[in-house]
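User: I am new to this structure and would be grateful for a close look at one part of it. Please take the strand at the centre of your account and relate the rest to it where appropriate.

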2 protein chains.
Amino acid sequence: MFQNVLIAEDQNTINKGVESTLRELDIVNITTSQYCDDALLKLKSKLKTDAPFDLLITDLSFKPDHRTQHLSSGEALIEAALGISPNLKIIVFSIEHRIGKIKHLIDTYDINAYVEKGREEGFELKKAIHNILNNKTYYSHGVEQLLRNADDICQTDQYDELLLQLLAKGLKRDQIAKYFKEKQLPAGSLSSIEKRINKLKVLFDANTSEQLVAIGIDRGLI
Amino acid sequence: MFQNVLIAEDQNTINKGVESTLRELDIVNITTSQYCDDALLKLKSKLKTDAPFDLLITDLSFKPDHRTQHLSSGEALIEAALGISPNLKIIVFSIEHRIGKIKHLIDTYDINAYVEKGREEGFELKKAIHNILNNKTYYSHGVEQLLRNADDICQTDQYDELLLQLLAKGLKRDQIAKYFKEKQLPAGSLSSIEKRINKLKVLFDANTSEQLVAIGIDRGLI
DNA sequence: TATCTCCTTAAGGAATACCGTAAGGTTTAT
DNA sequence: ATAAACCTTACGGTATTCCTTAAGGAGATA
């Protein structure tokens, strides 16, 4: 079982709840942190001792407040944590359901588990921990299914995503074409931009470009 | 101090956390519920005993799952609860930060406290309880300030929101007009719909309707 | 090389969205 | 009661988007 667990989560009620769930697994040394910077600091200082943290459970979004922070998101914390402690096991514990974002975390940081906040979260956290102890990954029910079809989504390349982002930012078709040309990106003519939008509409089954933006946001591409 | 408290909240981690916070106030009888229907049932059955619930702490949004529910939101639960137990004290405990929604709850149901989920939530829950015991209302830090200017902020009405939702669902302008006319909603001509979209664009500083949808989603109107 | 396919681009017409104007009706203020 | 302000609607011109067709170029294959 894990010996030293760090929880990074801004809601202290959730901190208490996760702590209580971990105690049910007989994990004794649990540390909580409501800020990413603070979490990293704790990771660092423990790293020099003979009992460093072996598991990080972190949320993705942290509400900004009056304290200015260097690391402002769970993703930034994960990156920094792996930088100083590459073997640290990581469970992401978040309400995030956009498969694009989740897939990004899995692909980029090789996180060990993703547990989506919801009714069964306590049960799933325990399952995640057991899986990791057996050198397996764990992705919440629902997420796993979505990941299988994620390839459909990932038929979109970086230019598709950029295009969606520019649409969401309020650029018109010809302005997007101009942007692509200025940045020397491929297929930057108005006609090509139109074709690309059309391709995305078919792919995402969107009737209008407004809906296309809504779907893009929902899937975490924007 | 309150004798019998019911917590309605779908995330069981938060249930555990809130329960632990309440125990710090020496509240002994705490019941939790992950579904609105279940919460109402518990309220009802206790009502006939000599120790009915005197405080309800409820979230606003509950994730739907395989179990079909009659009451699907905290707001519906509050309405039903006050219907059977008008003197029940109510604390809304939610991540909702849109002042329009919060003001609506206060105006319509006369809720006793609103605590926004965040870093200080445990502390604020305690403050809310103490205020209610002294026959005062309590609105979290931040919310109180917003409430003062709420009228300025609540410039969008229900039809604006519906319009944004229909846009995000992929309806064209004339289809939206048709929808408004069929539902007998005011200002359902194509011209009025266009004007309303234009008004929203100015209000939200959007260049295109695609951006308008993106902003609407960002602000939680969709 | 010849041919084919795929990608990019251009062009033109149809559909839709955008924007200003004005008429008619309702509410509000004096 | 009258005027003013506001809301709703219709209409028409312009701009943009949508959609089809087709030409040209790059790369693959035989």
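The request concerns strand S4 of chain A, and the reply follows below.

User: How many residues of strand S4 (residues 89-94) of chain A are buried, and with which strands does S4(A) pair?

Analyst: The model discussed here is predicted. Strand S4 of chain A covers residues 89-94. Of its 6 residues, 5 are buried, and the strand is thus described as mostly covered.

S4(A) has a pairing with strand S3 (residues 55-58) of chain A, which runs in the parallel sense and comprises 4 bridges. Within this pairing, A:Ile57 stands opposite A:Ile91 of S4(A). The connection between these two strands passes through helix H3 (residues 74-84) of chain A, and the resulting β-α-β crossover is right-handed.

S4(A) also pairs with strand S5 (residues 113-116) of chain A, again in the parallel sense and over 4 bridges. Here A:Ser94 has A:Glu116 in S5(A) as its bridge partner. Helix H4 (residues 99-109) of chain A belongs to this second unit: together with S4(A) and S5(A), H4 makes a right-handed β-α-β unit. As a general point, the side chains of a regular strand alternate between the two faces of the sheet.

Elsewhere in chain A, A:His130 lies in helix H5 (residues 121-133). A:His130 is partly exposed, because 13 other C-beta atoms lie within 10 Å. Between A:His130 and A:Leu185 there are 46 Å in space, C-alpha to C-alpha, and the two are 55 residues apart in sequence.

The surroundings of the DNA complete the account. DNA strand C is surrounded by 16 residues, and the closest are A:Ser189, A:Ser191, A:Ser192, B:Lys172 and B:Arg173. At least two residues of this surface come from each of helix H10 (190-204) of chain A, helix H9 (173-182) of chain B and helix H10 (190-204) of chain B. The largest share, 4 residues, is that of H10(B). By class, the surface near DNA strand C has 3 nonpolar, 8 polar and 5 charged residues.

For DNA strand D, 15 residues form the surroundings, with A:Lys172, A:Arg173, B:Ser189, B:Ser191 and B:Ser192 as the closest. Two or more residues of that surface are given by each of helix H9 (173-182) of chain A, H10 of chain A and H10 of chain B. The surface near DNA strand D divides into 3 nonpolar, 7 polar and 5 charged residues.

Key:
Residues numbered from 1 in each chain as written. Chains lettered and ligands numbered in written order. Predicted model: local features only at pLDDT ≥ 70, side-chain atom pairs only at ≥ 80, totals over all residues. Near = placed C-beta within 6 Å. Nonpolar A, V, L, I, M, F, W, Y, C, P; charged D, E, K, R; others polar. Buried ≥ 20, exposed ≤ 12 C-beta atoms within 10 Å, placed from the backbone. Pairing = 2+ DSSP bridges. Right-handed = clockwise from strand over helix to strand, strands pointing away.
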